[in-house]
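Biologist: I would like to go through this model with you and hear the reason behind each label. Could you show it to me first?

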Amino acid sequence: MAPQLGLFLIWAGVSVILQLHPVNGDDELTRDKSSEESHEDEECVFPFTYKDKRHFDCTFHGSIFPWCSLDADYVGRWKFCSESDHANCVFPFIFGGKKHETCTKIGSIFGAWCSLSPNYDQDGAWKYC
């Protein structure tokens, strides 16, 4: 019975995966259907605002894959992020009221990090270097 159950679970899992839309459960996050051109060559805009929230890097909001807006205020133009699309460090940045010109290890036990905005104290956006 175990092999039959295993085959059923594999079949059910594949069926679910094949039915997933790249963007899960968010009707507003849709490709701009008014144009047939691809957005793959366009650049992500950081920060961008989506549903009243500022994003300083690619986001998974409403999706199982990271994506970014192609406009500062999301208006329906977006693309999935590749490795080269993620936001860059912003130097100098303010952290703890002090200006940092390079990545810092202050406040981290896992390694050096940087801010994705000029003022980490205000925005809280960061990534590892």
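Modeller: Let's start with the burial terms: buried means under 20% relative accessible area, exposed means over 50%, and partly exposed lies in between, with a 1.4 Å probe and protein chains only. As for the source, this is a predicted model, where local features need pLDDT of at least 70, side-chain atom pairs count only at pLDDT 80 or more, and totals for chains, interfaces and linings use all residues. Residues are numbered from 1 along each chain as its sequence is written, and side-chain values use heavy atoms, with hydrogens and water left out.

Biologist: Thanks! Why is Cys68 called buried or exposed?

Modeller: Cys68 has a relative accessible area of 0%. Buried requires a value under 20%, so Cys68 is buried.

Biologist: What makes Cys44 and Cys68 a disulfide?

Modeller: The term asks for a pair of cysteine sulfur atoms within 2.5 Å. For Cys44 and Cys68 the S to S distance is 2.0 Å, and a disulfide joins them. This pair links distant parts of the chain, 24 residues apart: Cys44 is in the loop between helix H1 (2-19) and strand E1 (48-50), while Cys68 is in strand E3 (residues 67-69). Those element names come from DSSP runs numbered from the N terminus, helices being H or I with at least four residues and strands being E with at least two.

Biologist: Why is the Cys44 and Cys68 disulfide given its handedness, and is Cys44 buried or exposed?

Modeller: The torsion about the S-S bond of Cys44 and Cys68 is about -65°, so this disulfide is left-handed. Cys44 has 13% relative accessibility, so Cys44 counts as buried.

Biologist: How do you know that Cys89 and Cys114 form a disulfide?

Modeller: Their sulfur atoms are 1.9 Å apart, and the limit is 2.5 Å. The torsion about the S-S bond of Cys89 and Cys114 is about -70°, so that link is left-handed too. Cys89 sits in the loop between strand E4 (78-80) and strand E5 (93-95), and Cys114 sits in strand E7, 25 residues apart. At 25% relative accessibility Cys89 counts as partly exposed, whereas Cys114, at 0%, is buried.

Biologist: And what makes Cys103 and Cys129 a disulfide?

Modeller: For Cys103 and Cys129 the S to S distance is 1.8 Å, to be set against the 2.5 Å limit. The link of Cys103 and Cys129 has -100° about the S-S bond and is left-handed. Cys103 lies in the loop between E6 and E7 and Cys129 in the segment after strand E8 (126-128), so the pair ties together parts that are 26 residues apart in sequence. Cys103, at 29% relative accessibility, counts as partly exposed, and Cys129, at 51%, counts as exposed.

Biologist: How many disulfides are there in the whole structure, and which pattern do they follow?

Modeller: A search of the whole structure finds four. Counting the bonded cysteines along the chain, the pattern is 1-3, 2-4, 5-7, 6-8.

Biologist: Let's turn to charges. Why is the contact of Glu42 and Arg77 called a salt bridge?

Modeller: A salt bridge needs a side-chain nitrogen of Lys or Arg within 4 Å of a carboxyl oxygen of Asp or Glu. For Glu42 and Arg77 the N to O distance is 3.0 Å, and their side chains meet in a salt bridge. Glu42 is in the loop between H1 and E1 and Arg77 in the loop between E3 and E4, 35 residues apart. Glu42, Asp71 and Arg77 are linked in a network of salt bridges.

Biologist: How do you know that Asp123 and Arg54 form a salt bridge?

Modeller: Their N to O distance is 3.8 Å, and the limit is 4 Å. Asp123 lies in helix H2 (residues 120-123) and Arg54 in strand E2 (residues 53-55), so the pair ties together parts that are 69 residues apart in sequence. Asp123, at 26% relative accessibility, counts as partly exposed, and Arg54 is partly exposed at 45%.

Biologist: What about Asp85 and Lys79: are these residues buried or exposed?

Modeller: Asp85 has 13% relative accessibility and counts as buried, and Lys79, at 3%, counts as buried. They form a salt bridge, the closest N and O atoms being 3.1 Å apart.

Biologist: Finally, why is Ile109 called buried or exposed?

Modeller: Ile109 has a relative accessible area of 76%. Exposed requires over 50%, so Ile109 is exposed. Its place is in the loop between strand E6 (98-100) and strand E7 (113-115).
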